[in-house]
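Biologist: Could you take me through how a ligand site and a sheet are read from a model like this one?

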Amino acid sequence: MPAIGLGTWQLTGDEASSDIEHALGIGYRMIDTSGDYGNQPQIGEALRSASVPREQVFLVTKVEEDEDAYSSTEAKLEELGVDQVDLILIHRPPPSGAGEDLWDGLLRAKADGLAAEAGVSNYTTEQVDRLAEASGERPAVNQIEWSPFGHSDEVLEHARENGVVIQAYSPLTRTERLDDPTLRKIGDRHGKTPAQVLIRWCIQAGTVPLPKASSAEHREENLDVFDFELRADDMDRLGALNEHYSSLSELPYV
Ligand SMILES: NC(=O)c1ccc[n+]([C@@H]2O[C@H](COP(=O)([O-])OP(=O)(O)OC[C@H]3O[C@@H](n4cnc5c(N)ncnc54)[C@H](OP(=O)(O)O)[C@@H]3O)[C@@H](O)[C@H]2O)c1
C-alpha cells in the first residue's frame, strides 16, 4: 500500500475525473472512495484515461453496513469499471454487533478475486477482534479519523501487534485545526505548511493518511512531505495536542 492516498469525499461532478487524473499525474498512487461519494464512475474514467497503468494504482472502496457485502462489492466494481479493487472496506459497523455477515461477504468477494484485500472502517479494536475470532481472518485495514488532535495510542498499539494498517481519514481535520500555533511553529522550522506537518505526523506514526483536496495546489502540497523528518520531540508535541477531536463526532475509540 502506498504511504499516502487521495481522499475523494465531495470530489464530485464533472471536475472529479480531471482532479483524479491530475492526482495520478503528479504521483498519487492510492485513491479512496465509496459508493455514497457519488464519484466512482468519474474515478473509473480517470483510471482509464490516465497514463498510469491500473495495476500501479491502489484503489479503495467501501460497502455500507445495510447492504449485502458481496453483491455491493460487485456493484462497486461495475461502477468503477474495474475487475478488482485493491481494498474493500465495511464503511462502518452495523448498529449492533461487529458485522460478521458483512465480513463473511467481503471474504467471499476476496476469495473470488473481486478484491485483493478486505478491511473495515470506523471499527473499535474489540470489533476488529470479533471479526478475526469469527472468521479466522483479521481485517487488513481499519480506516478511522486520525490526526494529532484525535488519535489513540491503544488503537495504534493494537494495530501494530495484530498487523492491521490504520488508514487516517480527515487527517487535515477538514481544516478545522490548521491554524494551531504548534503546527505552524513546527512547520516554519522545516519550511513546511501546517497541512504538511499533519500528513508527515501520520506517516511517521506508522499510519497511512488520506488527505482530500479538490485544489490542484493542495494536492501537490500534500504530496510534498517526503523531504523532511519531524524530530522525536516534534512527534511528541504533536501527539500531545490530542483532544479526541472528530469532525464527525464519531471516533470509534472514545
Ligand atoms: N471511512 C470513513 O468513514 C471516512 C469518513 C470521512 C472521510 N473519509 C476519507 O478520508 C478523506 C479525507 O478526509 P476529509 O475529506 O474528511 O478531510 P481532510 O482531508 O482532513 O480535509 C479536506 C479539506 O482540507 C482542505 N485541504 C487539503 N489540502 C490542504 C492544504 N494543503 N492546505 C489547506 N487546506 C487543505 C481541502 O480543501 P480543498 O478541497 O479546497 O482543496 C478540504 O477542505 C475523505 O475524502 C474520504 O476519502 C473516510
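Biologist: Which pocket does the ligand take up?

Modeller: On a 1 Å grid over the protein atoms alone, a pocket is an open set of points with protein on both sides within 12 Å along at least five of seven lines, and a molecule sits in one if more than half of its atoms lie within 2 Å of its grid points. Here the space taken by the ligand is the largest pocket. Keep in mind that this is a predicted model, in which local features need pLDDT of at least 70, side-chain atom pairs count only at pLDDT 80 or more, and totals for chains, interfaces and linings use all residues. Residues are numbered from 1 along each chain as its sequence is written, and side-chain values use heavy atoms, with hydrogens and water left out.

Biologist: Which polar contacts reach the ligand from K212, E221 and T173?

Modeller: A polar contact is a pair of N or O atoms within 3.5 Å. A polar side-chain atom of K212 lies 2.9 Å from a ligand oxygen, a side-chain N or O atom of E221 is 2.9 Å from a ligand nitrogen, and a backbone N or O atom of T173 lies 3.3 Å from a ligand oxygen.

Biologist: How are the strands of the sheet ordered?

Modeller: Strands of a sheet pair through backbone hydrogen bonds, either parallel or antiparallel. Strands here are DSSP runs (E, at least two residues), numbered from the N terminus, and two of them pair if DSSP finds at least two bridges between them. Eight strands form an open sheet in the order 1-2-3-4-5-6-7-8, with parallel pairing. Strand 1 (6–7) and strand 8 (208–209) stand at the edges with a single partner strand each, so one side of each has no neighbour in the sheet. Strand 7 (residues 165–169) pairs with strand 8 in the parallel sense over two bridges, and A168 stands opposite P209 in strand 8.

Notes
A polar contact is a pair of N or O atoms within 3.5 Å; within protein, one must be able to donate a hydrogen and the other to accept it, and residues adjacent in sequence count only if both atoms are side-chain atoms. On a 1 Å grid over the protein atoms alone, a cavity is a set of points where a 1.4 Å probe fits but cannot get out, and a pocket is an open set with protein on both sides within 12 Å along at least five of seven lines; lining residues have an atom within 4 Å of a point. Helices (H or I, at least four residues) and strands (E, at least two) are DSSP runs, numbered from the N terminus.
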